[in-house]
Amino acid sequence: MSHRSTGLYRVLDRPAVYERFQTMLGARAVRKRFVEEFLQPSSAMRILDIGCGTGSLLEYLPTGVDYVGFDLNPHYIDAAREHHGNRGRFFCARVGDASAEAAIRTDRFDLIVAKGILHHLNDEDAHHLLHSARRLMQRDGVFVSSDNVFHEGQSWIAWILTSLDRGAAVRTPDQYKALAQAQFPFVETRLLTDMLPFPYSHFVMRARLVQS
């Protein structure tokens, strides 16, 4: 892991504090656009949310999706179960580990999401996540990630804010894409600088095993 969790960062491990902080930054609009523009889910889909946090993404998904969320923070998982009830299945586990495999058995997913996760992982852990996603995905499924990013021409405000993120493994667009291409032959990318009402950069990847 490449995750800052000491000092002031520690308070964000509390679900209520984390959600208030995200809402203050404009996360609701970001999640809505992310779902509508990049996930494009249907009610018949089986969806795996890697690093689901408090399960906030589920609020923007159609009723009827078969949703599974994994996160390593037990407090986030408790909050997700309390808030969402039986709308989803939530597990405190790392995707690809034995406990996770037992939880989902032979499930294969149409859509696998890793929103704001890769920049918390070193290369080894990122490859583990992407390899697990490939193995758990339907052949015609889609893997979608979104992370903050360092890039040429970036606003200095965006650069400073990104440098202060809890994730200590923020990469460049080429570095993120190289990670995905090690597992998926077809990778589409978008660099976005207009997701929030202040200067900030997001890098979105949509990866497939077969061409759409």
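This section describes the pairing of strand E2 and the nonpolar cores in a predicted model.

Strand E2, spanning residues 66-71, is mostly covered, with five of its six residues buried. Strand E1 (residues 46-50) runs parallel to E2 and is joined to E2 by five bridges. Within this pairing, Leu 48 has Val 68 of E2 as its bridge partner. E2 also pairs with strand E3 (residues 88-92), again in the parallel sense and over five bridges; here Tyr 67 is matched with Gly 88 of E3. Together with helix H3 (residues 74-84), strands E2 and E3 form a β-α-β unit of right-handed sense.

The largest nonpolar core comprises 30 residues, of which Leu 48, Ile 112, Leu 129, Phe 143 and Phe 184 touch the most other members. Two or more residues are contributed to this core by each of E1, E2, strand E4 (109-115), helix H5 (123-136), strand E5 (137-148), helix H7 (173-181) and strand E7 (202-208). Helix H5 provides the largest share, namely five residues. A second core, separate from this one, contains 25 residues, among them Ile 47, Leu 57, Val 142 and Val 204.

Leu 48 thus appears both in the bridge pairing with Val 68 and among the residues with the most contacts to other members of the largest core. When residues up to four places away in sequence are not counted, Leu 48 touches Val 68, Phe 70, Val 95, Phe 109, Leu 111, Ile 112, Val 113 and Leu 136.

Technical notes: Residues numbered from 1 in each chain as written. Predicted model: local features only at pLDDT ≥ 70, side-chain atom pairs only at ≥ 80, totals over all residues. Heavy atoms only, no water. Buried < 20%, exposed > 50% of the residue type's maximum accessible area, 1.4 Å probe, protein only. Helix = DSSP H or I, 4+ residues; strand = E, 2+ residues; numbered from the N terminus. Pairing = 2+ DSSP bridges. Right-handed = clockwise from strand over helix to strand, strands pointing away. Core = buried A, V, L, I, M, F, W, Y, C linked by side-chain atoms within 4.5 Å. Contact = heavy atoms within 4.5 Å.
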